[in-house]
Amino acid sequence: MANLISNPPAKTQAPTNGAAIAAPIQNSAPSTKHSFDYDVVVIGGGPGGEPAAIRASQLGLRVATIERDRLGGICTNWGCIPTKALLKNAEIYSDFLSAPKEWGITYDNLKVDFGAIIQRSRGVVDRNVKGIEYLFKKNKIELIKGSGVLTGKNSVEVTGSGGEKKTVTGNTIIIATGARARMLPGIKPDGKRILSATEAMSMDHIPASMTIVGSGAIGIEFAYFYHTFGTKITIIEMLPNILPVEDTEVSAELEKIYKKIGMTIYTNTKVSIVNLGNDGTTVEIETADGKKEKIDAECTLIAIGVQGNTENLGLEKLGIKMTKGFIDVDDYMQTSVKGIYAVGDVAGPPWLAHVATAEGLVAAEYIAHGSAQPVDYDNIPGCTYCQPQVASVGLTERAAKEKGMQIKIGKFPFTAIGKARAIGHTEGFVKLIFDAKYGELLGAHIIGAEATEMLEELTIARSHGATSESILKTVHPHPTLSEAVMEAASVALGEAIHI
């Protein structure tokens, strides 16, 4: 899982003495004299560090990766991958629950083996980790187990699990140490009453009730998962809408759907304190109108964002600049210290695995060639894998209006799509935002079945300068859910036929 940004901010830029970065720093390329142990030393083997190491090796550089745990980082081991496995279980179970009425399929004695559900997700993780280990061997990357600390601009001290220490040197260093869940002051996860995402995906039973503080992607995905299996869910969000970075209409639609199925949702609400009891938690809240309430539950999930893993890395000693706990980088992911790079969550938002991968590739190619194409942070797709799914890229309607843009909007409901009726998932819509004068696609927002798979058409469309007319004139296959994209473009142009 990841914290989604519909219109992600650019990474915090490292100081450039007032001058824009117009040309690559040529002397950052690796030495050919092998004066160091490696050309590139990567600290962290997650979705940023792993592709950086592999790409650097493909480009002929000698690479080592320092990793204290398993390869794959939080994403593979405790985030993106295992949660999607869990969510698929919830989706299948939900289909079973609706089968007698919706599909004409009956059964007897439907049961849930929650332990087997958790075990399946861990098995998926194990297979993915083995795949990454194979890729490291294939690309001749040396894996050094332990925790790394920068002791110089070209040296890292590695401490193994047994306390043994060794120093490795590299012409360049890539920091890819990721981030971890941010907790409320004075609150620590115990796996029973207080949960972070890590504990929430490995519980030994289905809790009777759960309070979720924060309604970004992590909070909403777990709300869907546990609600499906019978947990009484209460969501608390301090901003006006759940999934607050998404388009307001999308957030409002999801909130309506989730209230209809029985979730309790508080928005514009502050958490005053979380009290721990022997049998659960009591969350004290204050609503926008000043009303105070207490919410009792078996457990509370804290899902209020992340903080960078920047402690005990030696960053301050080297003078590496940071902002709000995240490392400042330039367009090529280089920090304020030449030859040291940072990629992924540790380098700030958007905190998404696919962004980390893109940044890792930029860093590797810049180190190898002295040039690279920077990440386009204006065209980053964001996905939430609840049901119905939510996916978006580019500007929201409110962001476009805040920029003073003149826009046209095309919105098309899945209720009018034949394929959606056929598969029994008619909730939601596609919403496209276009520049009023030139027709350029500014933003795309989907709530509905398979929204996360549908989004990439629109991400590519934006990167190629697509317009409302070009999308409409591109013939879409029938019957598919993606027809809603074409139909939304037709609405924006005033040429709708099927609504």
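Ile174 makes many contacts in this predicted model. Leaving aside residues up to four places away in sequence, Ile174 touches Val40, Val41, Val42, Ile43, Ala52, Tyr341, Val343, Ala363 and Ile367. Ile174 also belongs to the largest nonpolar core, a set of 51 residues. Within that core, Val156, Ile174, Ile175 and Met333 have the most contacts. Several elements each supply at least two of the core's residues: strand 1, helix 1, strand 2 (63-67), helix 4 (114-138), strand 5 (155-159), strand 6, strand 19 and helix 9. Helix 9 gives the largest share, 6 residues. Apart from this core lies another, of 38 residues. Leu87, Phe229, Ile265 and Ala303 are among its members. A general tendency fits here: in soluble globular proteins, nonpolar side chains tend to be buried together.

Now follow helix 9. It covers residues 353-369, 17 residues in total. From first C-alpha to last it reaches 24 Å, close to the 24 Å expected at 1.5 Å a residue. Its buried residues are Val355, Ala356, Glu359, Gly360, Val362, Ala363, Ala364, Tyr366 and Ile367. Ala363 and Ile367 were met above, as contacts of Ile174. What do the buried residues of helix 9 pack against? They pack against strand 1 (38-43), helix 1 (49-58), strand 6 (165-175) and strand 19 (340-342). After the helix comes Gly370, with a positive phi near 75°.

Turn next to the charged side chains. The whole structure holds 16 salt bridges. One of them joins Glu249 and Lys431, with N to O at 2.6 Å. This pair links distant parts of the chain, 182 residues apart: Glu249 sits in helix 7 (residues 248-260), and Lys431 sits in strand 23 (residues 429-435). The two ends differ in exposure. Glu249 counts as partly exposed because its relative accessibility is 32%. Lys431 counts as buried, because its relative accessibility is 0%.

Lys431 has another partner. It forms a salt bridge with Glu397, the closest N and O atoms being 2.6 Å apart. Here too the pair links distant parts of the chain, with Lys431 in strand 23 and Glu397 in helix 10 (residues 397-402), 34 residues apart. Both residues are buried. These contacts belong to a wider arrangement: Asp247, Glu249, Glu397, Lys401, Lys411 and Lys431 are linked in a network of salt bridges.

Helix 7 also carries a local pair. Lys256 forms a salt bridge with Glu253, the closest N and O atoms lying 3.4 Å apart. Both residues lie in helix 7, 3 residues apart, about one turn of the helix. Lys256 is exposed, with a relative accessible area of 53%. Glu253, at 18% relative accessibility, counts as buried.

Strand 23, the home of Lys431, leads into a sheet. In what order do the 5 strands of this open sheet run? The order is 20-21-24-23-22, and the pairing is antiparallel. Strand 20 (382-384) and strand 22 (407-413) are the edge strands, each pairing on one side only. On average, neighbouring strands are turned by 10° against each other, direction ignored. Strand 22 pairs with strand 23 in the antiparallel sense over 7 bridges. Lys408 has Phe434 as its bridge partner in strand 23. Helix 12 (residues 451-463) packs on the sheet. It touches strand 20, strand 21 (389-394), strand 23 and strand 24 (441-448). The direction of helix 12 makes about 10° with that of strand 21.

Terms used. Residues numbered from 1 in each chain as written. Predicted model: local features only at pLDDT ≥ 70, side-chain atom pairs only at ≥ 80, totals over all residues. Heavy atoms only, no water. Helix = DSSP H or I, 4+ residues; strand = E, 2+ residues; numbered from the N terminus. Expected span 1.5 Å × (residues − 1). Buried < 20%, exposed > 50% of the residue type's maximum accessible area, 1.4 Å probe, protein only. Contact = heavy atoms within 4.5 Å. Core = buried A, V, L, I, M, F, W, Y, C linked by side-chain atoms within 4.5 Å. Salt bridge = Lys/Arg side-chain N within 4 Å of Asp/Glu carboxyl O. Pairing = 2+ DSSP bridges. Axes fitted to C-alpha atoms, helices over the stretch in contact; angles between N-to-C directions.
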